[in-house]
Amino acid sequence: SMGWEIPTIRMSVLEALGNVDEILILEHNFTHTGEEHLFGLRDDLRDVVGRFGDTIINFVEVDLSREIIRDANSSADLHYNERLMRGSFEQFTALQGGDIVSCVDADEVIFRHSFESLSRLARMDPFQRVWAIPMHQLYYRPDYLWTDCNFASAVVGRARSLRRGRNPWRDSRWKARGVHGCHFSWHLTVDQMLTKLEMYSHALDYGHLASRDVLADAIRSRTYPFDSERDFTIRQLDEEDMKDIFPESWATEHEGFAHLFEDGS
């Protein structure tokens, strides 16, 4: 994470409090592309780390300098780095194979009221499958709901099943029923988007879009420059809609997104 996701990390923690035994927040000192990244999240999250009732929250700075592939320039290298990061949390927790784990990226938030049904699904499943967690896909700004995107990449399941998946700790063809969270995707200023395009795991595919005008126009016109074939229907949400479909913690954390609305639209 680059600090852009502080509001969504805080929301994730607030939603999970009391619903899980342990929350691990990880920051790595490299990006998927193998560029060095300076640690910088600890201070902003200091007030959500510790023991709160039945939930322990730990923040860990993970040094990957020995294992990371630097300057990754093939999809195999990028995939290796991504897997390294996804699995790095195991060394910081006493995980048993049968424990129920949910894995979310920094911009994905599971609803407080969904933890019970998701963990029951994972616990009761006789086949011990990995379950993908469907989420509302919000794109560019919190009030832009991408209605024809069926996003479900975060997962829940038993640790042993998640570990041996085709894409460990991520993705599954089995989907939980219903919608269980929000993905605040690409909630960035144009400057932040330019930075992200240079460093994340699709840099090879999308580097040509790293233009201020292209990105500013995409946000303004609610279009999707990454794939012209992709259906991209955006429904602009009003405050009532947002109350209905956002996590409860939006009520206290929404100020963290205010800058994305500053163009006045």
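# Worked exercises on a predicted model

Glu-90 has a relative accessibility of 25%, so Glu-90 counts as partly exposed. That is a good residue to start from, and please keep in mind throughout that this model is predicted.

## Exercise 1: A salt bridge across the chain

Find the salt-bridge partner of Glu-90 and say where each of the two residues sits.

*Solution.*
- Step 1. Look at the side chain of Glu-90: it meets the side chain of Arg-163 in a salt bridge, with 2.8 Å from N to O.
- Step 2. Place the two residues. Glu-90 belongs to the loop between H3 and S4, while Arg-163 belongs to helix H5, residues 159-163. They are 73 residues apart, and the pair links distant parts of the chain.
- Step 3. Check the burial class of the partner. The limits for partly exposed are 20% and 50%. Arg-163 has 35% relative accessibility, so Arg-163 is partly exposed.

## Exercise 2: Salt bridges with buried partners

Compare the pair Arg-86 and Glu-82 with the pair Asp-143 and Arg-141, and work out the burial of each residue.

*Solution.*
- Step 1. Start in helix H3, residues 75-87, where Arg-86 and Glu-82 are four residues apart; because of this spacing, about one helical turn separates them. Their closest N and O atoms are 3.0 Å apart, and they form a salt bridge.
- Step 2. Assign burial: Arg-86 and Glu-82 are both buried.
- Step 3. Turn to Asp-143 and Arg-141, whose side chains meet in a salt bridge at 2.9 Å, N to O.
- Step 4. Apply the limit of under 20% for buried. Asp-143 has a relative accessible area of 5%, so Asp-143 is buried. Arg-141 has 1% and therefore counts as buried too.
- Step 5. Widen the view. Salt bridges with shared partners join Glu-82 and Arg-86 with Asp-105, Glu-108 and Arg-170 in one network. In total, the model has 17 salt bridges.

## Exercise 3: Rebuilding a sheet

In what order do the strands S4, S6 and S9 lie in their sheet, and which are the edge strands?

*Solution.*
- Step 1. Take S4 and S9 (residues 155-158): four bridges pair them in the antiparallel sense. In S9, Arg-158 stands opposite Ile-100, and Gly-157 stands opposite Val-101.
- Step 2. Take S6 and S9: two bridges join them, and they run antiparallel. Ala-132 has Val-155 in S9 as its bridge partner.
- Step 3. Put the pairs together. The order is S4-S9-S6 in an open, antiparallel sheet of three strands. S4 (100-103) and S6 (131-132) each pair on one side only, and they are the edge strands.
- Step 4. Add the helix that packs here: H4, residues 115-124, lies across S4, S6 and S9 and runs at about 45° to S9.

## Exercise 4: A parallel pair

Which way do S7 and S10 run relative to each other, parallel or antiparallel, and how do the side chains of S7 point?

*Solution.*
- Step 1. S7 is joined to S10 (residues 181-185) by four bridges, and the two strands run parallel. Gln-137 has His-183 in S10 as its bridge partner.
- Step 2. Sort the side chains of S7, residues 136-139: His-136 and Leu-138 point one way, Gln-137 and Tyr-139 the other. These four residues are all buried.

## Exercise 5: Cores and two buried residues

Locate the largest nonpolar core, then describe the surroundings of Ile-25, Tyr-140 and Asn-29.

*Solution.*
- Step 1. The largest nonpolar core has 43 residues, and Ile-25, Leu-45, Tyr-139, Tyr-140, Trp-186 and Phe-226 have the most contacts inside it. Elements giving two or more residues to this core include H1 (6-16), S1 (22-28) and S3 (55-62). A second, separate core has 14 residues, among them Phe-184 and Met-242.
- Step 2. Beyond four places in sequence, the contacts of Ile-25 include Ile-9, Val-13, Leu-45 and Ile-57.
- Step 3. Tyr-140 lies in the loop between S7 and S8. Its relative accessible area is 2%, so Tyr-140 is buried. The side chain of Tyr-140 reaches the backbone oxygen of Thr-223 at 2.7 Å.
- Step 4. Asn-29 is placed in the loop between S1 and H2 (42-45). With a relative accessible area of 10%, Asn-29 is therefore buried. Among the residues that Asn-29 touches beyond four places in sequence are Glu-35, His-37, Phe-39 and Asp-63.

Conventions:
Residues are numbered from 1 along each chain as its sequence is written. This is a predicted model: local features need pLDDT of at least 70, side-chain atom pairs count only at pLDDT 80 or more; totals for chains, interfaces and linings use all residues. Side-chain values use heavy atoms; hydrogens and water are left out. Two strands pair if DSSP finds at least two bridges between them. Contact means heavy atoms within 4.5 Å. Axes are lines fitted to C-alpha atoms, for helices over the stretch in contact, and angles run from 0 to 180 degrees between N-to-C directions. Buried means under 20% relative accessible area, exposed over 50%, partly exposed in between (1.4 Å probe, protein chains only). A nonpolar core is a set of buried Ala, Val, Leu, Ile, Met, Phe, Trp, Tyr and Cys residues joined through side-chain atoms within 4.5 Å. A salt bridge is a side-chain nitrogen of Lys or Arg within 4 Å of a carboxyl oxygen of Asp or Glu. A polar contact is a pair of N or O atoms within 3.5 Å; within protein, one must be able to donate a hydrogen and the other to accept it, and residues adjacent in sequence count only if both atoms are side-chain atoms.
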